[in-house]
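Student: I am new to this structure and would like to learn how to read its features. Could you walk me through them?

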Amino acid sequence: MRLATWNVNSIRSRLDRVLGWLDRSDIDVLAMQETKCRDDQFPMERFEEAGYEVAHIGLSQWNGVAIASRIGLDEVEIAFPNQPGFDKDAETSLLAAPIVEARAIGATCGGVRVWSLYVPNGRALHDPHYTYKLEWLAALKDSGTRWLAERPQAPIALCGDWNIAPTDDDVWSTEFFADKTHVSQPERDAFEAIVSTGYSDVLRPFAPGPGVYTYWDYTQLRFPRKEGMRIDFILASPALAARVTDASVDREERKGKGASDHAPVVVDLGDQDE
């Protein structure tokens with residue numbers, strides 16, 4: 001099984017690139033983030049023509065997550081248990097229910113429980129979105145812990161854009177980000193808290209840093225200058241991590257006209273008995 005995660009940064013803008021890459025790369029399951037469309041706008045037919053079933057949740061032109069699979073798509077779940085919402089009226093002290101954004105979708109594909117996750121950006125260290133981000137990660141940790149407690153041998157993949165560079169090797173300049181999000185200690189602690197429950201970063205053993213990135217800003221010639229961040233991850237449960245035979249970042253997909261600002265992360269899995 002070949003599993004991948006990719007922040008596509010608008011599926012409608014990059015549909016041909018995504019479908020072409022799926023074919024060339026022989027991907028079985030793709031977790032997508034930032035689809036930037038409603039469910040009725042998602043190009044389901046094109047994926048189906050390519051042999052993929054798709055589960056998608058999108059509420060507007062922002063956020064949006066999906067899972068495309070050619071090996072089965074069962075037990076689809078929108079949002080993880082107790083996923084926090086963001087109270088857009090909090091700053092004006094108006095009473096309104098927090099909105100649970102389109103940031104998480106789960107499905108069982110070929111026996112593997114796959115989650116496509118788009119962790120909130122945080123925006124700035126003193127922004128309400130930063131608090132929201134930490135609350136979101138804490139709730140994900142609670143759910144992830146429960147999933148492993150209930151089924152210790154469950155093959156689970158937490159895939160997505162985590163908007164965190166968990167170590168200094170995962171960012172081109174710690175000085176540049178010293179007063180910004182993505183590298184702050186609370187964010188890194190939240191990421192480590194999920195790892196400490198039993199999930200592991202399965203890319204790093206096959207792609208040691210520094211200099212291995214998954215995201216490069218469109219501005220300031222970040223990509224040609226190799227000024228990126230590693231913020232996209234597949235975290236695997238112990239049973240799934242034991243099946244990983246290879247992992248890589250397809251940096252070539254960040255090149256050329258119409259590229260997303262993220263590159264896909266690809267993981268190869270052997271059979272369960274291997």
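Tutor: We will go through salt bridges, a charged patch and aromatic pairs, and please keep in mind that this is a predicted model.

Student: Happy to start with salt bridges. What is the general idea?

Tutor: Side chains of opposite charge can pair when their charged atoms come close. In this structure, a search of the whole model finds 20 salt bridges.

Student: Which residue does arginine 46 meet in a salt bridge?

Tutor: The partner of arginine 46 is aspartate 16, with an N to O distance of 2.9 Å. Arginine 46 sits in helix α2 and aspartate 16 in helix α1, so this pair links distant parts of the chain, 30 residues apart. As for the surface, arginine 46 is partly exposed at 35% relative accessibility, while aspartate 16 is exposed at 54%.

Student: Where do arginine 70 and aspartate 26 lie?

Tutor: Both are in loops: arginine 70 in the one between β4 (65–69) and β5, and aspartate 26 in the one between α1 and β2 (29–33). They are 44 residues apart along the chain, yet they form a salt bridge whose closest N and O atoms are 2.4 Å apart. Arginine 70 counts as partly exposed, with 36% relative accessibility, and aspartate 26 is partly exposed too, with 45%.

Student: Glutamate 77 and arginine 113 also meet in a salt bridge. Which strands do they belong to?

Tutor: Glutamate 77 lies in strand β5 and arginine 113 in strand β7 (residues 112–118), so their pair ties together parts that are 36 residues apart in sequence. The N to O distance is 3.0 Å. Here is a good exercise in reading accessibility: the cut-off for buried is under 20% relative accessible area, so arginine 113, at 15%, counts as buried, whereas glutamate 77, at 29%, is partly exposed.

Student: Which residues are linked in a network of salt bridges?

Tutor: Asp170, Asp201, Arg204 and Arg230 are linked in that way.

Student: Now the charged patch, please. Which residues gather in the patch of negative charge?

Tutor: On the surface, the negative patch brings together Glu45, Glu48, Glu49, Glu53, Asp74 and Glu75. Two elements, α2 (44–49) and β5 (74–78), each give two or more residues to it. Helix α2 gives the most, with three residues, and glutamate 48 is found in that helix.

Student: Is aspartate 23, back in helix α1, buried or exposed?

Tutor: Aspartate 23 is exposed, at 64% relative accessibility, and helix α1 covers residues 15–25. For a look at how the chain folds back, compare its C-alpha atom with that of alanine 50: the two residues are 27 apart along the chain, and these atoms are separated by 8.2 Å.

Student: Last topic: how should I read aromatic rings?

Tutor: A pair of aromatic rings is described by the distance of the centres and the angle of the planes. In this model the count comes to ten aromatic pairs. Take tryptophan 216 and phenylalanine 223: their ring centres are 5.0 Å apart and their planes stand at 90°, so the pair is edge-to-face.

Student: Are those two residues buried or exposed?

Tutor: Tryptophan 216 is buried at 2% relative accessibility, and phenylalanine 223 is buried with a relative accessible area of 11%.

Student: Which residues do ring pairs link into a cluster?

Tutor: That cluster consists of Trp162, Phe191 and Phe233.

Notes:
Residues are numbered from 1 along each chain as its sequence is written. This is a predicted model: local features need pLDDT of at least 70, side-chain atom pairs count only at pLDDT 80 or more; totals for chains, interfaces and linings use all residues. Side-chain values use heavy atoms; hydrogens and water are left out. Patches are made of residues with over 30% relative accessible area and no salt bridge: like charges are joined within 9 Å, nonpolar side chains (Val, Leu, Ile, Met, Phe, Trp, Tyr) within 5 Å. Accessible areas come from the Shrake-Rupley method with a 1.4 Å probe; for residues, only the protein chains shown count as cover. A salt bridge is a side-chain nitrogen of Lys or Arg within 4 Å of a carboxyl oxygen of Asp or Glu. Lys and Arg count as positive and Asp and Glu as negative; His and the chain ends are not counted. The place of a charge is taken as NZ of Lys, CZ of Arg, CG of Asp or CD of Glu. Helices (H or I, at least four residues) and strands (E, at least two) are DSSP runs, numbered from the N terminus. Rings of Phe, Tyr and Trp (its six-membered ring) pair if their centres lie within 6.5 Å; planes under 30 degrees apart count as stacked, over 60 as edge-to-face and the rest as tilted. Buried means under 20% relative accessible area, exposed over 50%, partly exposed in between (1.4 Å probe, protein chains only).
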